[in-house]
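Colleague: I should be grateful for a close look at the charged side chains of this model. Which of them meet in salt bridges, and where do they lie?

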Amino acid sequence: MGPSQMLIRDLYDRIGEIAPDRQALTLRHLTDLYLVGATEFSSDDVALIDDMFIRLLATIDEAARALLANRLGPVAKAPPKVLHRLASDDAIVVASPVLMQSEALTDATLIECAVTKTQDHMLAISRRKTVSAPVTDVLVKRGDRDVLLSVVRNAGARFSRNSFAVLVKRAEGDDALTGCVGRRPDLPAALLERLLEAASEAVRAALQAERKHESSEIKDAIEHVADAIRSEATTRTQAHAAARVRVQSLNRAGKLNWAKLEEFAKTGRIDELAIALALMARVADDVVFDIMKGPDDDALVALAKAIRLPWETARILIAPESEGQADTERLQACRAAFENLNQPDAREILDAHVARHPTTTAH
């Protein structure tokens with residue numbers, strides 16, 4: 001018997017004698033012993049450790065339980081009973097690390113938590129590396145919009161045909177969810193057609209643009225529906241419509257930020273960049289397109305200042321691929337203007353550009 005095993009058995013014999021104020025510390029030591037010696041322990045040793053974890057969990061506070069969950073969650077061979085107890089904890093700060101990370105959790109435990117616990121518990125389950133079809137069946141049936149968006153965006157989630165049918169129904173009137181479901185490569189063609197029948201023009205255009213290189217079966221489904229229900233001309237190109245859907249989805253998910261603006265600028269995704277800036281500034285896209293295409297850097301500086309961008313982000317918007325003396329001098333002049341301009345004056349300059357487009361409205 002190795003030293004770790006001897007310590008475990010000694011601790012098991014004395015666990016009932018541990019003072020209440022020492023139990024959280026004992027739990028940390030027990031966790032350390034398990035993580036260090038896991039490969040040495042027999043199934044009997046693991047069962048003893050599991051029993052000790054369960055006994056100590058009943059006496060410790062939420063913070064100590066959360067610490068244990070964070071330490072055991074990533075461990076592939078963590079003791080099963082304590083994993084079940086942590087995953088089922090009412091406190092999401094405790095349950096989440098295990099629900100999201102533990103590969104040792106059974107589908108039965110995940111389904112039990114999805115059925116009996118909160119939307120936050122289901123959201124954690126939806127973010128697992130893989131989610132089996134029986135588990136997604138429950139998430140799709142009981143989950144709120146955030147849960148649905150999360151699990152549909154999860155490339156490791158598997159869906160039954162019935163779950164896809166429920167998703168198509170629940171996506172009606174929700175552009176973001178419709179777009180996410182429509183982008184699933186495993187969505188059956190017949191359900192894709194049904195999804196597109198209820199989709200907005202912008203979403204249909206986006207999905208058609210994004211799937212143009214996919215299988216002929218999918219392309220045919222998209223084109224069939226688009227031809228059948230397109231009843232009015234659109235003033236936007238399909239590329240622009242697709243960009244709008246992507247940006248609005250990012251915004252709804254809380255992921256439209258400075259880093260995204262920099263990414264759009266550096267990769268030349270002008271439609272996304274302009275739409276994102278317009279959304280942040282609460283002006284029409286045309287206003288931003290004119291500012292970006294115009295020769296006047298001052299207008300772009302004012303736009304960046306009006307939406308409170310930091311200079312480093314504004315610099316990338318002004319000259320994403322700057323190099324050479326001319327660009328250096330230009331950026332120096334822009335930075336001086338940016339730092340000397342206050343936010344109210346910047347908004348006034350932007351409003352003047354808006355006034356030149358009296359027929360456009362903010363999106």
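Modeller: The following account takes the salt bridges in turn and ends with a buried arginine.

The structure is a predicted model, in which local features need pLDDT of at least 70 and side-chain atom pairs count only at pLDDT 80 or more, while totals for chains, interfaces and linings use all residues. Residues are numbered from 1 along each chain as its sequence is written, and side-chain values use heavy atoms, with hydrogens and water left out.

A salt bridge is a side-chain nitrogen of Lys or Arg within 4 Å of a carboxyl oxygen of Asp or Glu. By this criterion, the whole structure contains 15 salt bridges.

One of them joins Lys-81 to Asp-51, with the closest N and O atoms 2.4 Å apart. Lys-81 belongs to helix H5 (residues 80–87) and Asp-51 to helix H3 (residues 43–57), so this pair ties together parts that are 30 residues apart in sequence. Helices here are DSSP runs (H or I, at least four residues), numbered from the N terminus. To describe the surroundings of each residue, relative accessible area is used: buried means under 20%, exposed over 50%, and partly exposed in between (1.4 Å probe, protein chains only). Lys-81 is partly exposed at 43% relative accessibility, and Asp-51 is partly exposed at 25%.

A second pair is Arg-65 and Asp-89, whose side chains meet in a salt bridge at 2.7 Å, N to O. This pair links distant parts of the chain, 24 residues apart: Arg-65 is in helix H4 (residues 62–72), whereas Asp-89 is in the loop between H5 and helix H6 (92–101). Both Arg-65 and Asp-89 are buried.

Another salt bridge brings together the side chains of Asp-351 and Arg-347, at 3.3 Å, N to O. These two residues are 4 residues apart in helix H23 (residues 343–355), and therefore about one helical turn separates them. Asp-351 is partly exposed, with a relative accessible area of 37%, and Arg-347 is likewise partly exposed, at 25%.

Salt bridges may also join into a network, as they do for Lys-260, Glu-263, Arg-269 and Glu-272.

Finally, Arg-184 lies in the loop between helix H12 (175–182) and helix H13 (189–198). Arg-184 is buried, with a relative accessible area of 6%. A polar atom of the Arg-184 side chain lies 3.1 Å from the backbone oxygen of Val-152.

Methods: A polar contact is a pair of N or O atoms within 3.5 Å; within protein, one must be able to donate a hydrogen and the other to accept it, and residues adjacent in sequence count only if both atoms are side-chain atoms.
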